[in-house]
Amino acid sequence: MKFLLEERAARPGVALLTLNRPKELNALNLELMQEIKESLQALDKDDSVRVIVLAGNEKAFAAGADIKQMAGRNSVDMLKIDQFSTWDQIRKTKKPIIAAVSGFALGGGCELSMLCDMIIASETAKFGQPEIKIGVMPGAGGTQRLTKALGKAKAMELVLTGDFLSATEAEKHGLVNKVVPVEFYLTEALNLAEKISKMSPLAASLAKEAVNRSFETFLDEGLHFERKNFYLLFDSEDQKEGMNAFIEKRPPKFTGK
Ligand code: CAA
């Protein structure tokens, strides 16, 4: 795999996947998402694996979907590519997935961490949905999962301002399971994975399914609605301006067109 490292942690039953585009702060391009999907599907079928840990590096879990890959697209391109159908497949993973988050978890990066079943964060973790700053909105579950985790007021604030949530605040609001010093976040995630790996794998996967079911009917509709709005924004001038301004490293000038 080009952008993803897969290894068996030195603990029986635990697999570790590491996003590996460090220069781009693990920006989630289509290829990386495909690799995550394929890897999770294979691990799901592998009886020697019971729990999966998904990590980035100390500076970034992931800084979002790859803006450079999306900047020139229009809404028809977005609908045809339908990049989030890969995310639907990832969501079907039966085994528990723990996100180990340090540094930036922004946009699609925040959404990917929330797609996992639990989050262990380092003290340096920053969560946010800054899409509004580049003329779009969250498209991979942010408006839905963040709202469920934080409540409407706080989620609305983050989605409309693009401000970041610190690890401590994220823990206070119930977005993450635990915050630990940066040198321990991966170990802590692997420890949690190891603990769960000793449980019945069948019970674990059915329990995961049942917990998710508590909000999944609404989630399906919500995800669909969010995705259409996200794709629609790719016919706006503000999307072009916002993404090009990011690439050109200048402040955007939004006109509402
Ligand atoms: N896509 C593509 N490239 C990205 C990226 C992204 N999301 N985030 C960072 N990069 C690249 C930068 O362009 C830069 O590349 P160059 O060295 O070639 O210029 C490199 O990664 C390092 O980034 P910075 O120099 O910007 O690092 P920084 O420490 O100064 O800033 C940051 C870090 C605040 C995270 C900043 O990079 C940033 O704001 N990134 C974009 C965050 C964002 O808007 N995410 C949402 C994307 S849209 C989305 O995710 C939609 C969805 O719902 C799925």
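1. A good place to start is the ligand: one of its nitrogen atoms sits 2.9 Å from a polar backbone atom of isoleucine 67. Please keep in mind as you read on that this is a predicted model.

2. Two further backbone contacts involve oxygen atoms of the ligand. Glycine 139 places a backbone N or O atom 2.8 Å from a ligand oxygen, and for lysine 23 the corresponding distance is 3.4 Å. On its own the ligand would expose 990 Å², and the protein buries 74% of that area.

3. Who else surrounds the ligand? There are 27 residues around it, and those that come nearest are Ala65, Gly108, Glu111, Gly139 and Lys249. Sorted by class, this shell has 15 nonpolar, 8 charged and 4 polar residues.

4. It also helps to see where the shell comes from. Helix H2 (67-70), strand S6 (104-106) and helix H5 (108-115) each give two or more residues to it. H2 provides the largest share, with 3 residues.

5. Now have a look at the sheet. Its 4 strands follow the order S4-S6-S8-S9, forming an open sheet with mixed pairing. Strand S4 (60-62) and strand S9 (164-166) are at the edges with a single partner strand each, so one side of each has no neighbour in the sheet. On average, neighbouring strands here are turned by 20 degrees against each other, direction ignored.

6. Finally, one pairing to find on screen: strand S8 (residues 126-128) and S9 run antiparallel and are joined by 3 bridges. In S9, phenylalanine 164 is the residue that glycine 128 stands opposite.

Technical notes: Residues numbered from 1 in each chain as written. Predicted model: local features only at pLDDT ≥ 70, side-chain atom pairs only at ≥ 80, totals over all residues. Heavy atoms only, no water. Near = heavy atom within 4 Å. Polar contact = N/O pair within 3.5 Å; in protein donor to acceptor, adjacent residues only side chain to side chain. Areas by Shrake-Rupley, 256 points an atom, 1.4 Å probe, with all protein chains shown as cover. Nonpolar A, V, L, I, M, F, W, Y, C, P; charged D, E, K, R; others polar. Pairing = 2+ DSSP bridges. Axes fitted to C-alpha atoms, helices over the stretch in contact; angles between N-to-C directions.
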